[in-house]
Amino acid sequence: MLRLADVSHTYSDGRRRTTVLKGIDQDFERGTFYTVLGPSGSGKTTLLALASGLENPTRGTVSFEGRDLTELGLGRYRNRHAATIFQQYNLLTYMTALQNVTTAMEITGATPPSGGRRAHALRLLDSLGLDRAEATRNVRRLSGGQQQRVAIARALACEVDLLFADEPTGNLDEDTAGGIVEIFRELAHEQGKCVVVVTHSAHLAARSDRVLTLRRGRLTERRADTAGTGAPGTGRPVRSRKTQPTSPRTPPETRPTSPPTSSGTQPTSPPTSSGTQPTSQPTSSGTQRPTPPPTPRSSGRG
Ligand SMILES: Nc1ncnc2c1ncn2[C@@H]1O[C@H](COP(=O)(O)OP(=O)(O)OP(=O)(O)O)[C@@H](O)[C@H]1O
Ligand SMILES: [Mg+2]
């Protein structure tokens, strides 16, 4: 479904050039939940930025269903096929949680299975443990973990084939994080999506199907059995309070075309929604990645 072929990426910072990724060859398949581990600064966010069409690699190609992303169009790819949950959330801070989700759906043209966008967004937020009062509160007045769940709901609301998540459970308690992981598993195993999650969590990796490790610019895979990963049931069954694996989205076939995802390179964008995000944010490394222009498909934003 998604292929990285001989992908290398170098950042130029004045006279200094840093090659973060070196000749990566990796396929990402439908129906599979991948985790990517690696030390801080090893290039995990960079890898997601390339795979999600936020940046072009300095060498090599990224292709989706056989088409090079540059030919498909990065904006089109991000809007129609890939959603991203950013390390820094990138929520629209002047909106409520609910508005963040519905705006992303409007921008990407996502059509809820039933009941309209607002009802669908409320269901999604509820499935992630945010009640109606929290859903209708400005996101600045939510806790970090609640904001993280809004970012997850926003990505889930945009029906796409590929879901990228950068440390999506970093601010969550174990139970809530476990519930999110079960949602990722369901998206892959029951809805046929390809889910790629960057994490430092061994628990999370243990629940994924394939564990990739990024180190010194190279991506390697370790076998699930040797890593203690992958085998269903090895992880804690997590599922917290209201967090339950729901399948919020419609099947891929019924999906409209657009998604969100994210547009900016990491930092900036809403996961999903491309244009929903106002400003760019620093990447984990403290630098800023360029923010691609939003590509709203239908208005939605005010
Ligand atoms: N825009 C940029 N310009 C220059 N260097 C950058 C830029 N973005 C990232 N880097 C550098 O690239 C390397 C990889 O950064 P990246 O954010 O991909 O790491 P990471 O594995 O996601 O780290 P963490 O686990 O801390 O989030 C780091 O050394 C970082 O300083
Ligand atoms: Mg990172």
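User: Which residues of helix H7 are buried?

Analyst: In H7 the buried residues are Gln146, Gln147, Gln148, Arg149, Val150, Ala151, Ile152, Ala153, Arg154, Ala155, Leu156 and Ala157, where buried means that 20 or more other C-beta atoms, placed from the backbone, lie within 10 Å of the residue's own (12 or fewer is exposed, and in between is partly exposed). H7 is thus mostly covered, with 12 of its 14 residues buried. This is a predicted model, in which local features need pLDDT of at least 70 and side-chain atom pairs count only at pLDDT 80 or more, while totals for chains, interfaces and linings use all residues. Residues are numbered from 1 along each chain as its sequence is written, and chains are lettered from A and ligands numbered from 1 in the order in which they are written.

User: How far should the two ends of H7 lie apart?

Analyst: A helix is a DSSP run of H or I of at least four residues, and a strand is a run of E of at least two, numbered from the N terminus. The expected span is 1.5 Å times one less than the number of residues, so the 14 residues of H7 (residues 144-157) should span 20 Å, and its end C-alpha atoms are indeed 20 Å apart.

User: What do the buried residues of H7 pack against?

Analyst: Contact means that the C-beta atoms of two residues, placed from the backbone, lie within 7 Å. The partners of H7 include helix H4 (97-108), helix H5 (116-127) and helix H8 (174-189), as well as strand E6 (82-85) and strand E7 (162-166). Leu125, leaving aside neighbours within four places in sequence, is in contact with Ala97, Leu98, Val101, Leu130, Ala135 and Ala153.

User: What is the order of the strands in the open sheet?

Analyst: Two strands pair if DSSP finds at least two bridges between them. Here six strands follow the order E6-E7-E8-E3-E9-E10 with mixed pairing, and the edge strands, E6 and E10 (218-222), each pair on one side only. Inside the sheet, E3 (residues 33-37) and E8 (residues 194-198) pair in the parallel sense over four bridges, and Thr35 has Val197 in E8 as its bridge partner.

User: How confident is the predictor in the protein?

Analyst: The score called pLDDT is the predictor's confidence in each residue, from 0 to 100. The protein averages 78, and 74% of the residues score at least 70. Over residues 225-302, however, the pLDDT is below 50, although this stretch has 255 contacts in the model beyond near neighbours in sequence. Where pLDDT is low, the predicted coordinates should not be read in detail.
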